[in-house]
Amino acid sequence: MSKLTLDEYQVRARTTYSREERGTTEGIAYTTMGLVGEAGEIANKNKKILRGDYQAEDIREDIAAELGDVLWYISMVAYEFGLSLEEIGQANLEKLASRKERGVIKGSGDYR
Ligand SMILES: [Mg+2]
């Protein structure tokens, strides 16, 4: 299997997104609510580990599938804003590396 870049993923994910016009209020709301919903599915499954319903290893594949759903919605939120998933990933890594270098990984504030 060849390596899949984030931008390739975003292009292919887009083929399964039905909205034609990019950047509409509805499209932004739809994808954002979908992202939060899928993240909530992960939180709910992990809550059940805390509750003792099962062990983490029992739901590993389920979590992988839900993370895929989250990735799809992240990709489509980015698409709605005309953003490249590859560039988002790169910028995030650079931001975190800078914080680590300056000793401000911990703390608060988006622009520290
Ligand atoms: Mg899901």
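In the predicted model, residues 33–101 are 83% helix and 0% strand, and the C-alpha atoms at the two ends of this stretch lie 35 Å apart. The stretch coincides with an annotation in an unreviewed UniProt entry, "domain: NTP pyrophosphohydrolase MazG-like", which covers residues 33–101.

A magnesium ion is bound by protein donors from four residues: Glu38 (OE), Glu41 (OE), Glu66 (OE) and Asp69 (OD). These donors lie 2.1 to 2.8 Å from the ion. Along the chain they follow the spacing E-x2-E-x24-E-x2-D. Glutamate 41 belongs to helix α2 (residues 25–51) and aspartate 69 to helix α3 (residues 60–80), so this pair ties together parts of the chain that are 28 residues apart in sequence.

The accessibility of the donor residues was also computed for three of the positions. Glutamate 41 has a relative accessibility of 32% and therefore counts as partly exposed. Aspartate 69, at 31%, likewise counts as partly exposed. Glutamate 66, by contrast, has a relative accessibility of 9% and counts as buried, because the cut-off for burial is under 20%. Glutamate 66 is located in helix α3. When residues up to four places away in sequence are not counted, glutamate 66 touches Glu38, Glu41, Ile42 and Lys45. Glu38 and Glu41 are themselves donors of the magnesium ion.

The largest nonpolar core consists of nine residues, namely Tyr9, Ala13, Tyr17, Trp72, Tyr73, Met76, Ala78, Tyr79 and Leu85. Helices α1 (6–14) and α3 each supply at least two residues of this core. The greatest contribution comes from α3, with five residues. One of the core residues, tyrosine 79, is in contact with Gln10, Arg14, Tyr17, Glu20 and Arg22, leaving aside neighbours within four places in sequence. Of these contacts, Tyr17 is also listed in the core.

Helix α4 comprises 17 residues (residues 85–101). At 1.5 Å a residue, α4 should span 24 Å, and its end C-alpha atoms are 24 Å apart, which agrees with the expected value. At the start of α4, a side-chain oxygen of serine 84 reaches to within 3.2 Å of the backbone nitrogen of glutamate 86. Beyond the other end, α4 is followed by glycine 103, which has a positive phi, near 70°.

How values were computed
Residues are numbered from 1 along each chain as its sequence is written. This is a predicted model: local features need pLDDT of at least 70, side-chain atom pairs count only at pLDDT 80 or more; totals for chains, interfaces and linings use all residues. Side-chain values use heavy atoms; hydrogens and water are left out. Helices (H or I, at least four residues) and strands (E, at least two) are DSSP runs, numbered from the N terminus. The expected span of a helix is 1.5 Å times one less than its number of residues. A polar contact is a pair of N or O atoms within 3.5 Å; within protein, one must be able to donate a hydrogen and the other to accept it, and residues adjacent in sequence count only if both atoms are side-chain atoms. Donors are N, O and S atoms within 2.8 Å of the metal (3.2 Å for Na, K and Ca); water is not among the atoms, so sites may look incomplete. Buried means under 20% relative accessible area, exposed over 50%, partly exposed in between (1.4 Å probe, protein chains only). Contact means heavy atoms within 4.5 Å. A nonpolar core is a set of buried Ala, Val, Leu, Ile, Met, Phe, Trp, Tyr and Cys residues joined through side-chain atoms within 4.5 Å. UniProt positions are given in the numbering used here, feature names are shortened, and annotations may be inferred rather than shown by experiment.
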